[in-house]
Amino acid sequence: MRFIYFITAFFLFSFVSFAQKNKPDNDAKLVAAFDEYIKQALPIWQTPGISVAVVKDGKTIFKKGYGLRELGKPQPYTTATLSTCASTTKAMTAVCMGILVDEGKVKWTDKVTDLLPAFKLADPYSSAEITVLDLFTHNAGLGNADNLWVFGYSREEILQRIQLMEPAYSLRSSYIYQNLMYIVAGQLIKSLSGKTWDEFIKERIFKEVGMNNTYADHSALTADMDMTTSHYTDKDTIKAIPYLYSDNIGPAGGVWSCADDMAKWLQCVLDSTKINGKRLLKPATYATLFTPHVIAPLTMYPTMEILKPHWFTYGLGWFQHDYKGKMVQFHTGSLAGLTAIAGLIPEEHFGIYIFGNLDHAELRHALMYKAFDLWAFNDNSKDWSKILYEHYTAIADSAKTHEKEELEKRVLNTKPSLPLAGYTGKFLNKRLATLEVTLKDATLILTMPGSISLTLQHWNYETFRGSYNRWWFGHSWVQFLPAKDGKIQALVIDDIQYAKID
């Protein structure tokens with residue numbers, strides 16, 4: 001019997017010693033494999049620069065920058081390089097609200113209008129019934145009206161214009177991803193705390209977590225900072241573009257940070273928001289963030305066509321799906337030529353964050369799932385970069401083919417029914433904006449708020465094709481609608497109608 005105990009103890013000791021001896025070696029191999037994989041993937045996706053942070057079991061196990069801050073310039077993209085968190089900000093805003101929940105200043109089930117009287121919707125029932133939780137789950141009945149912040153309206157103005165939005169579906173009956181309700185959440189945080197969302201998140205998250213190189217808004221950055229430049233693809237050529245948006249998007253996507261700080265954020269989140277011996281959130285509130293609250297459509301991400309998850313849901317600022325038997329929490333961010341992604345497998349105490357500076361380059365998805373495979377499943381067999389590059393390239397090629405087919409439907413040899421001056425004037429959509437069409441050098445120019453304009457070229461009949469002054473916005477179709485007397489009474493752009501008011 002003693003011999004058996006001895007043998008058992010010997011093998012157990014040997015196994016533990018072997019594991020302890022070889023774990024660092026294995027960790028080093030995984031780091032080297034991931035590093036090499038990123039180096040090979042970058043030129044395939046033509047992303048000028050990225051930074052990556054990987055955390056596991058409470059430690060940062062991988063952190064590195066690659067490429068350039070701006071194509072054609074020598075400054076490297078480092079782990080200190082600032083970029084937009086974009087919509088990965090939403091998870092931070094949810095934590096801000098969670099802090100107020102724990103302080104007893106609000107409940108998730110409270111009605112928003114009871115706390116923020118300025119909040120109203122066109123539908124009286126939705127206005128009366130929308131709860132604080134509904135602000136975070138994209139199922140409050142609103143469609144996507146991102147033009148409100150693209151046009152540059154302040155958060156207060158956006159709150160006013162939301163009142164005019166007709167519901168796209170009945171409350172909680174569907175799901176349409178949009179940013180406006182997170183902006184409302186930011187205004188509610190201001191009302192409850194007496195501090196702007198910007199002040200609150202800086203004090204209650206950035207300062208507490210030690211995120212000393214993180215900012216609530218792009219306007220807080222200065223030109224001498226280590227900051228990336230946005231990039232966009234123009235006919236297969238990558239070009240730098242200016243970053244245009246300011247603090248009106250704040251609670252939905254305004255945070256700027258770097259890989260160094262996002263590693264701290266991931267560690268905090270994975271450790272149930274414990275930081276420096278205390279917690280940002282109570283356990284029940286923390287659990288609410290990651291509880292599936294609504295079924296999300298798989299069409300949100302073409303990557304899901306490859307993954308084929310059994311379920312796809314949304315928590316509070318996190319998408320969720322199953323992957324190899326584990327629950328993944330993730331969220332992307334895309335804004336003005338910059339990208340981000342945060343991915344967690346909480347059961348494995350694992351997280352990854354990736355910044356990039358090329359618009360919608362889905363290298364971020366490839367690297368996230370590669371990291372999941374390596375560190376959570378000890379699997380290096382799948383080339384996610386190759387799989388997703390082929391998938392997204394096929395989607396882009398299909399879109400180009402569809403656009404070509406649409407352009408080929410043009411009816412040739414038609415003329416406008418009126419002299420070009422007959423199309424000028426101001427056009428109003430009460431919910432969105434007042435547009436103005438002017439005639440300059442025999443060309444119609446359509447001007448929008450936010451210094452956005454289109455140069456209109458006649459296409460056929462009463463339809464014009466508009467080219468944006470910001471070339472990366474692409475084109476829009478503008479159709480003029482005549483009244484019985486032949487004069488223009490309205491125009492339609494991107495399926496939104498504006499009535500002529502002068």
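Helices, of at least four residues, and strands, of at least two, are taken here as DSSP runs numbered from the N terminus. On that basis the protein chain of this predicted model holds 14 helices and 22 strands. The radius of gyration of the chain is 25 Å, close to the 23 Å that the globule rule gives for 502 residues, so the chain is as compact as a globular protein of that length.

## Overall dimensions and surface

The C-alpha trace spans about 105 × 50 × 45 Å along its principal axes. Of the 502 residues, 51% count as buried. The accessible surface of the chain amounts to about 23,000 Å², and carbon and sulfur atoms hold 55% of that area. Among contacts with a separation of 6 or more, 62% are made by residues 24 or more positions apart.

## Internal cavities

A search of the whole structure returns two cavities of 30 Å³ or more. The table sets out their volumes and the classes of their lining residues.

| Cavity | Volume | Lining by class |
|---|---|---|
| Largest cavity | about 50 Å³ | five nonpolar, three polar and one charged residues |
| Second largest cavity | about 30 Å³ | six nonpolar, one polar and one charged residues |

The lining of the largest cavity is formed by T47, I50, T339, I354, F355, G356, A361, L363 and R364. Two elements, strand 14 (350-356) and helix 13 (363-377), each give two or more residues to this lining. Strand 14 gives the most, with three residues. R364 is the charged residue of this lining, because Arg falls in the charged class.

The second largest cavity is lined by L121, A122, D123, S126, A140, L142, M165 and P167. In this lining the charged residue is D123, because Asp falls in the charged class. S126 is the polar residue there, because Ser is outside the nonpolar and charged classes.

## The site of S127

S127 lies in helix 4, which covers residues 124-129. The relative accessibility of S127 is 8%, and the cut-off for a buried residue is under 20%, so S127 counts as buried. When residues up to four places away in sequence are left out, S127 touches T113, K120 and L121. Of these contact partners, L121 also appears in the lining of the second largest cavity.

Notes:
Residues numbered from 1 in each chain as written. Predicted model: local features only at pLDDT ≥ 70, side-chain atom pairs only at ≥ 80, totals over all residues. Heavy atoms only, no water. 1 Å grid on protein atoms, 1.4 Å probe; cavity = no way out; pocket = protein on both sides within 12 Å on 5 of 7 lines; lining within 4 Å. Points joined across faces, edges and corners; volume = space filled by probe spheres on them. Rg over C-alpha atoms; globule rule 2.2 N^0.38 Å. Buried < 20%, exposed > 50% of the residue type's maximum accessible area, 1.4 Å probe, protein only. Contact = heavy atoms within 4.5 Å. Areas by Shrake-Rupley, 256 points an atom, 1.4 Å probe, with all protein chains shown as cover.
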